[in-house]
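Please look over the sequence and the model below before reading on. The paragraphs that follow are meant to be read with the structure open beside them.

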Amino acid sequence: MAKQQTLLITPGEPAGVGPDLLVQLAAQGQNADWVLVADPGLLEQRALELGLTIKTQLVSEQQLKEAHLPEVEAGCLRVWPVALRAAVQSGQLNPENASYVLETLEKATAACLQGWGQALVTGPVHKGVINEAGYLFSGHTEFLQERCGCAQVVMLLATEELRVALVTTHLPLKDVAAAITPQRLEQILTILHQDLQKRFGYAQPRILVCGLNPHAGEGGHLGREELEVIEPTLARLRTEKGMTLLGPWPADTLFTEKNLAQGDAVLAMYHDQGLPVLKYQGFGRAANITLGLPIIRTSVDHGTALDLAGSGQANTGSLLTALHYAARLQN
């Protein structure tokens, strides 16, 4: 048994496509550095539904801690076991398994913080059913921020060609303007700048910044957030921290080929300002990356796709991107 790099993977919602994607890739032999934090019976059941042949091999906490894992063959998944709370039917949500989903995340996150895994890759979860079960849960990003003890983190979605980070994430649109403060903007830009250097290897990252309002406020006639918050903060960070910050530019023209060529990443003010463009450009081959954490975390760019679970029609492209980024971003 050889000491090796390990990606810890949580399949996410057990009734969704997360298990399908992992079983499909394992059957193709793309599982050499994985340890899944999951119920092995779930994976075996899903493989049967898909008509695929896989085996599972249990991994103990001690083996993971010592980083001495058995060699694995194509079609075999190494699994650090967590038991389901109830039987799973593909495509059918069950609130009883919400605690199972959260336990897989708890164990995988704690293990990465201990250095037992080099990165965490998360499958899609269903926020609604977790909250229906009585747990306050707004998403992976916020969960990991709390568990890792970070004052601020940044959600970044990335394809090979485009990277878009967000100032605000899962927030109602009516609350966005009030949330964009000089302090928050500075925190987000500092993390984005530092991780573009540390994780992506840009010596002097160029960040394109969207305005909040149409036409970036039109000189204050369509909103004053650019004049009173965004522009002064960017000017100060350029002077005090030497950041290369372009903007604030109107989002509708920032996301054009000519302007995107001037930057290494885009900072959008809110979720549905930046992500529709990225997903139009690369849905199914993008990864969700959480910046500012002491661990590396990537995820798929899509949801649980309950209608595809167990059908064999789920596309593995986004998970492959997440896995590739997880390996690439390791230090």
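What follows is a walk through selected residues and helices of this model.

The coordinates come from a predicted model, and a convenient place to enter them is an annotation taken from a record. In an unreviewed entry, UniProt lists His-170, His-215 and His-271 under "binding site". These residues are spread over 102 residues of sequence, and they are spread in space as well, with up to 23.6 Å between C-alpha atoms. Among them, His-170 and His-271 belong to the lining of the largest pocket.

His-170 sits in the loop between strand S9 (163–166) and helix H7 (176–179). With a relative accessible area of 36%, His-170 is partly exposed, because that value lies between the 20% under which a residue counts as buried and the 50% over which it counts as exposed. Not counting residues up to four places away in sequence, the residues touched by His-170 are Lys-127, Ser-138, Glu-142, Met-155 and His-271. For Ser-138 there is a further detail, since its backbone oxygen lies 3.3 Å from a polar atom of the His-170 side chain.

The contact with His-271 leads from that loop into helix H12, which covers residues 271–282 and contains His-271. His-271 is also partly exposed, with a relative accessible area of 24%. Once neighbours within four places in sequence are left aside, His-271 is in contact with Leu-166, Thr-168, Thr-169, His-170 and Pro-276. The side chain of His-271 additionally makes a polar contact, at 2.6 Å, with the side chain of Asp-272.

Helix H12 also holds Gln-273, which is buried, its relative accessible area being 9%. The side chain of Gln-273 reaches the backbone oxygen of Gly-211 at 2.8 Å. Apart from neighbours within four places in sequence, Gln-273 is in contact with Cys-210, Gly-211, Leu-212, Ala-251, Phe-255 and Ala-268. One of these contacts, Cys-210, is itself buried, with a relative accessible area of 0%.

Cys-210 brings up the matter of cysteine pairing, and here the structure holds zero disulfides. In the case of Cys-148, the closest cysteine sulfur is that of Cys-150, at 5.3 Å, which is too far for a bond, because a disulfide requires the two sulfur atoms to be within 2.5 Å. Cys-148 counts as buried, at 14% relative accessibility.

Another part of the model can be approached through Gly-18, which is found in helix H1 (residues 18–27). Gly-18 is buried, with a relative accessible area of 3%, and, leaving aside neighbours within four places in sequence, it is in contact with Pro-11 and Pro-124. Although Gly-18 and Val-300 are 282 residues apart along the chain, their C-alpha atoms are separated by 9.3 Å.

The last element to consider is helix H13, made up of residues 317–328. At 1.5 Å a residue, its twelve residues should span 16 Å, and because the end C-alpha atoms are 16 Å apart, the expected and modelled values agree. H13 is mostly covered, as nine of its twelve residues are buried. The buried residues are Gly-317, Ser-318, Leu-319, Leu-320, Thr-321, Ala-322, Leu-323, Tyr-325 and Ala-326. When reading such a list, it helps to recall that an α-helix has 3.6 residues a turn, so residues three or four places apart point the same way.

Definitions and conventions. Residues are numbered from 1 along each chain as its sequence is written. This is a predicted model: local features need pLDDT of at least 70, side-chain atom pairs count only at pLDDT 80 or more; totals for chains, interfaces and linings use all residues. Side-chain values use heavy atoms; hydrogens and water are left out. UniProt positions are given in the numbering used here, feature names are shortened, and annotations may be inferred rather than shown by experiment. On a 1 Å grid over the protein atoms alone, a cavity is a set of points where a 1.4 Å probe fits but cannot get out, and a pocket is an open set with protein on both sides within 12 Å along at least five of seven lines; lining residues have an atom within 4 Å of a point. Helices (H or I, at least four residues) and strands (E, at least two) are DSSP runs, numbered from the N terminus. Buried means under 20% relative accessible area, exposed over 50%, partly exposed in between (1.4 Å probe, protein chains only). Contact means heavy atoms within 4.5 Å. A polar contact is a pair of N or O atoms within 3.5 Å; within protein, one must be able to donate a hydrogen and the other to accept it, and residues adjacent in sequence count only if both atoms are side-chain atoms. The expected span of a helix is 1.5 Å times one less than its number of residues.
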